[in-house]
Amino acid sequence: MRQKLLLFSSGLLMLFLQMACVEFEEPVNNDKPKWEVYTTKDGLPSDTVWSINQDIEKSILIGTQNGVCYIEDSKPNTIKPFDTGFVVHTIACTDESIAIATSLGLLALMDGEWNFYATKNHLIDVKFYNNEIFSLQENGDVFKSIWNPSLNYHEHEYFGMYKFSNSIYVYDNSLWLCRLIGAHKIFPNEKLYSEIDGLASNLCYAIYQDHNNIVWIGTSDEKGLSKIDRGKVINLDCGYIRTITEDIKGNIWAGSNFNGLYKIESNGNITNYTMLDGLPNNKITNVFAAKDGTIWVATEGGGIAKHTN
């Protein structure tokens with residue numbers, strides 16, 4: 001009897017030891033996007049990237065802390081340098097032109113030729129008060145947004161002095177400014193949206209108007225994403241938003257200064273992607289939705305990442 005008990009105990013011990021050696025795999029979330037990362041090791045002029053856009057030939061243009069490069073649609077894994085030695089803040093593309101806002105002035109492709117514009121050879125009749133340009137729009141108009149002396153808006157002959165205007169946005173003939181005192185709609189029907197109106201914070205970094213005419217405003221607050229829907233301000237739990245865009249499916253993508261990337265679906269679901277999900281950095285400087293559905297993300301210090309949405 002004792003021998004049978006010993007055999008039984010030995011069998012239990014062996015079974016326990018076998019189970020202890022089994023490796024249990026964590027369930028895989030197939031819904032998580034797989035991010036493909038590009039850095040200076042792949043040819044970027046700098047790992048700090050401020051702007052991403054796409055030209056009419058579907059090439060991806062990338063503006064960095066040390067110049068411009070691009071990725072051709074036919075060669076998606078090859079980064080080609082374009083010009084270096086200056087900071088690129090914004091890239092704007094239309095079917096007819098490309099404009100690049102830099103620390104030295106405006107680099108523009110018009111009528112098939114590249115030209116550089118600064119204070120001494122200004123574009124059209126728009127005078128630049130300083131060579132450093134921070135903000136451009138994609139409808140062909142040239143804007144100047146600098147953090148010190150002035151804002152210059154040409155087409156509607158609107159000229160104003162707006163100190164500390166972070167960015168300028170134009171949608172359906174309306175002009176918006178991000179300011180230290182709120183989101184300022186200049187025209188039509190001028191109105192300043194601030195904390196008094198329910199805005200998450202007066203310090204605004206980004207504005208985007210989606211296909212439903214909802215205006216999204218990125219601010220510096222922990223609940224930093226506000227949206228204005230038919231005059232009502234609603235705040236979402238997405239912190240420190242500095243860039244906003246919309247993809248071809250109608251999802252809103254918002255990049256945070258600290259917390260990575262947020263995806264806001266039309267049903268209200270919010271998903272937060274960080275370095276734990278494959279992003280190269282949690283400081284998002286720009287997010288761009290390409291025509292084929294690919295989401296491109298620029299970071300401060302981590303290069304860029306993309307995934308097919």
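A polar contact is here a pair of N or O atoms within 3.5 Å, where within protein one atom must be able to donate a hydrogen and the other to accept it, and residues adjacent in sequence count only if both atoms are side-chain atoms. The structure is a predicted model, in which local features need pLDDT of at least 70 and side-chain atom pairs count only at pLDDT 80 or more, while totals for chains, interfaces and linings use all residues. Residues are numbered from 1 along each chain as its sequence is written, and side-chain values use heavy atoms, with hydrogens and water left out.

One such contact involves Ser51, whose side chain reaches the backbone nitrogen of Ile91 at 3.0 Å. Ser51 lies in strand β2 (residues 49-54), strands being DSSP runs of E with at least two residues and helices runs of H or I with at least four, numbered from the N terminus. Ser51 counts as buried because its relative accessibility is 4%; buried means under 20% relative accessible area, exposed over 50%, and partly exposed in between (1.4 Å probe, protein chains only). Tyr262, in strand β23 (residues 261-264), is likewise placed in the buried class, at 7% relative accessibility. The C-alpha atoms of Tyr262 and Ile241 are separated by 9.2 Å, with their positions 21 residues apart along the chain.

The model holds four salt bridges, each defined as a side-chain nitrogen of Lys or Arg within 4 Å of a carboxyl oxygen of Asp or Glu. Three of them are tabulated here.

| Salt bridge | N to O distance |
|---|---|
| Glu72 and Lys80 | 3.2 Å |
| Lys191 and Asp197 | 3.5 Å |
| Glu300 and Arg242 | 3.5 Å |

The pair of Glu300 and Arg242 links distant parts of the chain, since Glu300 sits in the loop between β26 (294-299) and β27 (304-308) and Arg242 in strand β21 (residues 241-246), 58 residues apart. Glu300 is partly exposed at 28% relative accessibility, and Arg242 is partly exposed with a relative accessible area of 22%. Lys191 is partly exposed at 34%, as is Asp197 at 31%.

On the surface, Asp95, Glu96, Asp111 and Glu113 gather in a patch of negative charge. Patches are made of residues with over 30% relative accessible area and no salt bridge, like charges being joined within 9 Å and nonpolar side chains (Val, Leu, Ile, Met, Phe, Trp, Tyr) within 5 Å. Within this patch, Asp111 belongs to the loop between β8 (106-110) and β9 (113-117), and Asp111 counts as exposed because its relative accessibility is 79%.

Key
Areas by Shrake-Rupley, 256 points an atom, 1.4 Å probe, with all protein chains shown as cover. Lys, Arg positive; Asp, Glu negative; His and termini not counted. Charge placed at Lys NZ, Arg CZ, Asp CG, Glu CD.
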